[in-house]
Amino acid sequence: MTRWNTSHIPDQTGRSVVVTGANSGLGYVTARELARCGARVVLACRNEARGGAALDRLRSEVPTAEAEFRPLDLADLSSVRDFAAGLDTFDGDRLDLLINNAGVMALPYRTTADGFEMQFGTNHLGHFALTGLLLPKLLATPGARVVTVSSMLHALSDIDLDDLNSERSYRRWIAYARSKSANLLFTHELSRRLAAAGSQVVAAAAHPGYAATNLQSAGARMEGRTTAERAIAVGNRLIAQSPDGGALGTLCAATAPHMRPDSFVGPRSGLRGAPAPSFRAPWTKRDATGEQLWTASEEFTGVRFDFSLAAAA
């Protein structure tokens, strides 16, 4: 994967893709580049106006694109279920790529529509439910992959199985790190269960390093912390790489031939640059913790993964 870039993306003609949070930043770049290479792409976004604007922009940049917008609010499990049910009209039973990209970062404490802490609920539970609901399509599609976008900041904290929703205490950056550790535990456990079922679906993870998007400043803006917002803007300008650079890890994990299950791909330097295998904290590969998180996630979302369909694939 040395110096991997978008020129290495194989032809995606005939492949069907869902990208969450595709209205801006990393998600938009991911959707655009996959569409440029021939994939049929769904931009799954919470805000209809922004999703529609992103679709118009994508079609202007890639006139040959097969792309559409569909509403998806990962902070509302009823929206997740509606999106998954509605996807039956998208390419039949086929789904080649599910890119779990959308997320929130370092917000003031708040909860999802279903009462879960917002970062854990959006970044992990929403994508857990979405993946489970779309699993039949993935299992039915040869060569399918699930790529979940985590963060190098996962290393700040392990999850707390006794306080998954931060009800005892809340620190915005620790909560974010825990949600990103949950992304990696989910990828590890999903890979393990797919292999046990005899499925060839690949579950992998990626991170963007430090990419300049609007994600970092959302929390500061919501609280009116103008000094923090300005500091973030300076960091984005002087240190961060562009969204195009940040999306390379996701695109590599999604399309590079022979990607190994449970891989974690990000910039070689950690912050920026070409994608390569990335550092991963030891706790994100603990089977027992992954199983416990999985069980809790099933209980929270009411979504059960049916791996028995792998035998028929």
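This talk walks through the interior of one chain, from its overall make-up to its cores, its aromatic residues, a few buried positions and its cavities.

Let me say at the outset that what you have in front of you is a predicted model, and that the values I quote are computed from that model. The chain has 313 residues, of which 57% are buried, and its secondary structure comprises 10 helices together with 8 strands. If we take the contacts in the chain with a separation of 6 or more, 77% of them are between residues that lie 24 or more positions apart.

I will begin with the nonpolar interior. As a general point, nonpolar side chains in soluble globular proteins tend to be buried together. In this model the largest nonpolar core contains 42 residues, and the ones with the most contacts inside that core are Val18, Phe83, Leu98, Leu190, Leu194 and Phe305. Several elements each supply at least two residues of the core, namely strand E2 (40–45), helix H3 (77–86), helix H4 (118–139), helix H5 (172–196) and helix H10 (287–301). Helix H4 provides the largest share, with 9 residues. There is also a second core, separate from this one, which has 37 residues, and among them are Val17, Ala35, Cys45 and Cys252.

Let me stay with Phe305 for a moment. Setting aside residues up to four places away in sequence, phenylalanine 305 touches Phe128, Thr131, Gly132, Leu135, Phe186, Leu190, Trp294 and Glu298. Some of those names return when we look at the aromatic rings, because one aromatic cluster, by the ring-pairing definition, is formed by Phe128, Phe186, Trp294, Phe305 and Phe307. Across the whole structure, the search finds 12 aromatic pairs. One of these is the pair of tryptophan 294 and phenylalanine 307, which is tilted, with 6.3 Å from centre to centre and 35° between the planes. Tryptophan 294 sits in helix H10 and phenylalanine 307 in the segment after H10, 13 residues apart, and the pair links distant parts of the chain. Both tryptophan 294 and phenylalanine 307 are buried.

Next, some individual positions, starting in helix H4, where leucine 138 is found. Is leucine 138 buried or exposed? Its relative accessible area is 0%, so leucine 138 is buried. Apart from neighbours within four places in sequence, leucine 138 is in contact with Leu95, Leu98, Thr131, Ala144, Arg145, Val146 and Val201. With Leu95, which lies 43 residues away along the chain, the separation between C-alpha atoms is 5.3 Å.

Aspartate 96 lies in the loop between H3 and strand E4 (97–100), and at 0% relative accessibility this charged residue counts as buried. Beyond residues up to four places away in sequence, aspartate 96 touches Gly14, Arg15, Ser16, Thr141, Pro142, Gly143, Ala144 and Arg145. Glycine 14 is 82 residues from aspartate 96 along the chain, and their C-alpha atoms are separated by 9.2 Å.

Which residues of H9 are buried? They are Leu248, Gly249, Thr250, Leu251, Cys252, Ala253, Ala254 and Thr255; this amounts to 8 of the 8 residues of helix H9 (residues 248–255), and the helix is therefore largely enclosed by the rest of the structure. Threonine 30, which belongs to helix H1 (residues 25–36), is likewise counted as buried, at 1% relative accessibility. Leaving out neighbours within four places in sequence, threonine 30 has contacts with Val19, Ile99, Ala247, Thr250 and Leu251.

Finally, the cavities. The structure holds 2 cavities of 30 Å³ or more, and the largest has about 60 Å³ of space. Its lining consists of Glu117, Phe120, Ile159, Asp160, Asp163, Leu164, Ser166, Ala175, Arg178 and Ser179, which by class gives 4 nonpolar, 2 polar and 4 charged residues. Helix H5 contributes the most to that lining, with 3 residues. The second largest cavity has a volume of about 30 Å³, and the residues lining that cavity are Leu74, Ala75, Asp76, Leu77, Thr112, Asp114, Phe116, Gly121 and Leu125. That second lining divides into 5 nonpolar, 2 polar and 2 charged residues.

Note on methods. Residues are numbered from 1 along each chain as its sequence is written. This is a predicted model: local features need pLDDT of at least 70, side-chain atom pairs count only at pLDDT 80 or more; totals for chains, interfaces and linings use all residues. Side-chain values use heavy atoms; hydrogens and water are left out. A nonpolar core is a set of buried Ala, Val, Leu, Ile, Met, Phe, Trp, Tyr and Cys residues joined through side-chain atoms within 4.5 Å. Buried means under 20% relative accessible area, exposed over 50%, partly exposed in between (1.4 Å probe, protein chains only). Helices (H or I, at least four residues) and strands (E, at least two) are DSSP runs, numbered from the N terminus. Contact means heavy atoms within 4.5 Å. Rings of Phe, Tyr and Trp (its six-membered ring) pair if their centres lie within 6.5 Å; planes under 30 degrees apart count as stacked, over 60 as edge-to-face and the rest as tilted. On a 1 Å grid over the protein atoms alone, a cavity is a set of points where a 1.4 Å probe fits but cannot get out, and a pocket is an open set with protein on both sides within 12 Å along at least five of seven lines; lining residues have an atom within 4 Å of a point. Grid points are joined across faces, edges and corners, and a volume is the space filled by probe spheres set on the points.
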